[in-house]
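I opened the notebook to record what I looked up, entry by entry, with the cut-offs written beside the terms.

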Amino acid sequence: MSGDGILGIRDSKQSKAAITRRRNWLKRRETWLVVLGVILHAVYMLSIFDIYFKTPIVHGMDLVTPRFRAPAKRLMLLVADGLRADKFFEPDSEGHFRAPFLRSVIKGHGRWGVSHARPPTESRPGHVAIIAGFYEDPSAVTKGWKANPVEFDSVFNRSRHTFAFGSPDIVPIFCGALPHSTWNSYPHEFEDFATDASFLDEWSLDQFQSLLTRSKEDPELKRLLQQDNLVIFLHLLGCDSNGHAHRPFSSIYLNNVKVVDHIAKEVYNLVEDYFKDNLTAYIFTADHGMSDKGSHGDGHPSNTDTPLVVWGAGVKHPLPLSNSSHHDCSYRFVDEHAHDTPTPKAWGLDGVERVDVNQADISPLMSTLLGLPGPVNSVGNLPLGYINMNEEDEVEAVLANTKQILNQFLRKSQIKQSHSLYFKPFKPLAKYSSLLDHIEDLVSTRDYKAAMELSENLRSLALEGLHYFQTYDWLMLMTVIALGYIGWMVFLVLHVLQAYTSFQGNVFRKEQAVHQQYYIGKMHFCGCLFMGICSTLLFMERSPPLYHAYVAMTVFLWTRILNECAFIKALWRHLSGSKFHYAIKLFIAVVISVIILEFLVNSFTERKLYTWCFLTVGVLASVYLYSLIPWRSGIPFFVCFACWVLSIFTLMPAEIPDNNKLVVASGAMIIIIGLTARWLDQHADGNKYWSSISNQGIRKLRFPMLFHLQALLVGLSSIMVFLSTSHRTEKQELHAWHQLINWSIAGFSMVLPLFSDDGLLSRLNSIFLGFAPTFLLLSIGYEAVFYGALALVLMAWILFEHTLMYKERKSSASIKNSEELSILEDSYRSLKLSDVRIPLTFMVLFNIAFFGTGNFASIASFEISSVYRFVTVFSPFLMAALLIFKLFIPFMIVICAFSALTKLLQVPRLGCYFLVILFSDVMTIHFFFLVRNTGSWMEIGNSISHFGIMSAQVVFVLLLFALTNVYTKDIRIRPASPSSRKAM
């Protein structure tokens, strides 16, 4: 007899030896395929760094010596970390401005504007843009704050001496290896989010004041301070720390704005009293802003808009606003904000001319004020609106800025030409030397206006040329990666058909074996030859080693596919000869799968789609179940109720508002859900729709008090949520014993599910209660309720599938099939076409775990204050680890439910896993072509992160499968009746 597989029918009668050989082959193939998948996705994910995150830094350029007199002898740089532009400029509730000194500068003897940062709006990239003048590739954020992943030039490098005081995470980046620098930083322990961090800013001021005091008794120190080309840098971290801990609209943060204004005033008075020469230039700005929920990283205006105030030697005085103040209205900044963005009336500065800049423009501004060569890697445009120079010096300053950027272009062009077999130059700059000569002629004839215009045009062309060579290899790399992903998906389809369905059968006759072996040998030879040719060409072009890896993986995959040519032909013959109704079924399954995957792709940018999804699915599933089973069972109503409850959460804001009471109440809700599941588990006797998943008939539990202990830990975690948050709200330091209790509850609770009973419902309920305390301690608002709602939907999914299984077994035809179904292993059946719904449903639930409580694809979507009940002293990697673990908890309970379901339905779990990876890679290849390199950096960054998330899914889904297997491997399915198959 035969069984209905995904694509066909085969004889199910096999000898024991054949079954053993097949099982051994399958285990080897699965292991090999998992390893290949992890390696392939890891390698292809690295292509992101070669395509989009490639470092812009090149070495070997000559410095451009300025041909104008330096307007200032020294420069004072004040950077208020995490200071938002609107909170700095706007008045408080009483109408008083928070920065009276700097406002007096703006209106009396300085210039102002908004500095536009580019995502990722983090401290390191922001300071690199300000001080070095280029936008560091975002991958540098992952390489740590304490050391430079690459060497780059900066204004500090060009200075005669630099004094710097501030955070240990910022100051050493620029001064740690700089011989002509004097710097100091406070200990990491000072960065405690449980306190008012404005004292960190006072510390930097005290260090500078102490420096000036000591110089009166130290001749060498006084000599250093009296030099020209001097830079003094004060890093003020208070706003950033207070913004994270208390939000930017809190009184602590807003008071910190007053503190930095006071520090700016004190610094100005100290410097003017000490030097008494009016040769100091001052720049006050911020590296990034702060979102309303106390985070930063993305391209929201609250994160990209930062204040800029410049005054002192070489700086223009304020000008009244006029219609001609902004002549280039089409210009856009790196955060995609228009050049003529109106100044809010609440700022009270609409009558004073505003000069906005890109953040990287501050670096050439500092270099010009000090008369220094610009940093060789800078891509900033000199903002002339701040410089007080005569017309000739202005042209010389812009020309120096242009030559410095042009030198980078020429160096990149030279490097690429020396490595390319077929070099394609950037044609608009083919005659750059004649343009330079023409500009020099215009300067010598004092036609400064024409010289300025040509210099600015040449600078724009040089920046376009830098982008051209930055993206030079994109077409080749994207083609190779796309072919690689397509090859991987085709190979996965072939493996699933061969290993987990009843299609394989006697595809090959014995007499074909020798011919097949000969064909595979020829394909291996051709594949190796083609790979060798490609590697030789790449080697001649001196391509990076990863380029060889990308090509090798793609060629290897397609070679393996061509090895299966005979199977592909047999598959095509079978599909061509199959009945029409089966072709229709297959077509409908493919169409539905594509629709669901496209829905998931669009859900990355529109979370509210899940609301409509679960509202619709709740109705359809309950109606379908109502047609199969009596309404008195309660299952149709429960499925609809669970789906509708979960649909609410994607309507809520991704920025989770604080609601401590809701978190505490969620603990009670979780205990109620656990109690209900326990009662159903122990009182399912006679309920045929619960029979296989409950502990019916087992009167003696392994650990009768385990449930009570888990419920107690959930309640205790709710109490600790209240106590820990209350202490932090009252500005009290989090007690060490609070932290110890929180860590103990979180660790101990996650071990307890291992000791629960092995019934499906009993074990899943224990897993749900086991992760609940940790999730509650890491929650700040409605996401704690989401955890319970997700568990209800997972239970509804299991009940839905269990009902379908029961009805299928009940029908006489299905019983006949189940008795003769082709078996892959002792207790697993072949996959059927209808089983495609299982991985598809898993993917929907897995993605709702992504986006149910935020936007996983956004750097700033998740709240750092979630970790404050475990650690308050700034520790970026520990905090990131806790935050990531919180995000993974919903994924883990989804995977636990999925694993239990595969045991209940007796389908191969790894077969379903490969289908999940197949569907994930369909989305991956879609996101690969949706990656943008135009528009705002927020859109570009999100498109890249979407691709990265889906590309990494094969790895972390596999890791979560392995981790959750510890909890689910000994789940046993109880027989529904004596006629049922044996327990697993």
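The entries below go through salt bridges, a cavity, a surface patch and two contacts.

**Ground rules.** I am working from a predicted model, in which local features need pLDDT of at least 70 and side-chain atom pairs count only at pLDDT 80 or more, while totals for chains, interfaces and linings use all residues. I number residues from 1 along each chain as its sequence is written, and I note that side-chain values use heavy atoms, with hydrogens and water left out.

**Salt bridges.** I began with charge pairing, since side chains of opposite charge can pair when their charged atoms come close. I took a salt bridge to be a side-chain nitrogen of Lys or Arg within 4 Å of a carboxyl oxygen of Asp or Glu, and the search of the whole structure returned 18 of them. For exposure I used relative accessible area with a 1.4 Å probe and protein chains only, where buried means under 20%, exposed means over 50%, and partly exposed lies in between.

I looked up Asp86 and found its side chain in a salt bridge with that of Arg84, at 2.7 Å from N to O; Asp86 is partly exposed at 23%, whereas Arg84 is buried at 5%. I then turned to Glu90 and Lys87, whose side chains meet at 3.5 Å, N to O, and both of these residues are buried. For Asp350 the partner is Lys345, with the closest N and O atoms 3.8 Å apart; here Asp350 is partly exposed at 37% and Lys345 is exposed at 69%. I also noted a network of salt bridges that links Arg67, Glu396, Lys403 and Glu440.

**Second largest cavity.** I defined a cavity on a 1 Å grid over the protein atoms alone, as a set of points where a 1.4 Å probe fits but cannot get out, with lining residues having an atom within 4 Å of a point. Grid points are joined across faces, edges and corners, and the volume is the space filled by probe spheres set on the points. By this rule I have six cavities of 30 Å³ or more, and the second largest holds about 130 Å³. Its lining has 14 residues, of which Thr368, Leu372, Gly374, Ala400 and Asn401 lie nearest the centre. The elements that give two or more residues to this lining are α12 (362–370) and α13 (391–419), and the largest share, four residues, comes from α13. I took helices (H or I, at least four residues) and strands (E, at least two) as DSSP runs numbered from the N terminus.

**Nonpolar patch.** I recorded a nonpolar surface patch of about 780 Å², made by Leu421, Tyr422, Phe525, Leu529, Ile533, Leu537 and Met540. Such a patch takes residues with over 30% relative accessible area and no salt bridge, and joins nonpolar side chains (Val, Leu, Ile, Met, Phe, Trp, Tyr) within 5 Å, or like charges within 9 Å; the areas come from the Shrake-Rupley method with a 1.4 Å probe. Phe525 sits in helix α17 (residues 513–540) and is exposed at 57%.

**Contacts far along the chain.** I checked His116, which is in strand β2 (residues 110–116) and is buried at 1%. The C-alpha atoms of His116 and Ala360 are 8.8 Å apart, with their positions 244 residues apart along the chain. Glu266, in helix α10 (residues 251–275), is partly exposed at 27%, and its C-alpha lies 9.8 Å from that of Phe101, the two being 165 residues apart in sequence.

Note on methods
1 Å grid on protein atoms, 1.4 Å probe; cavity = no way out; pocket = protein on both sides within 12 Å on 5 of 7 lines; lining within 4 Å.
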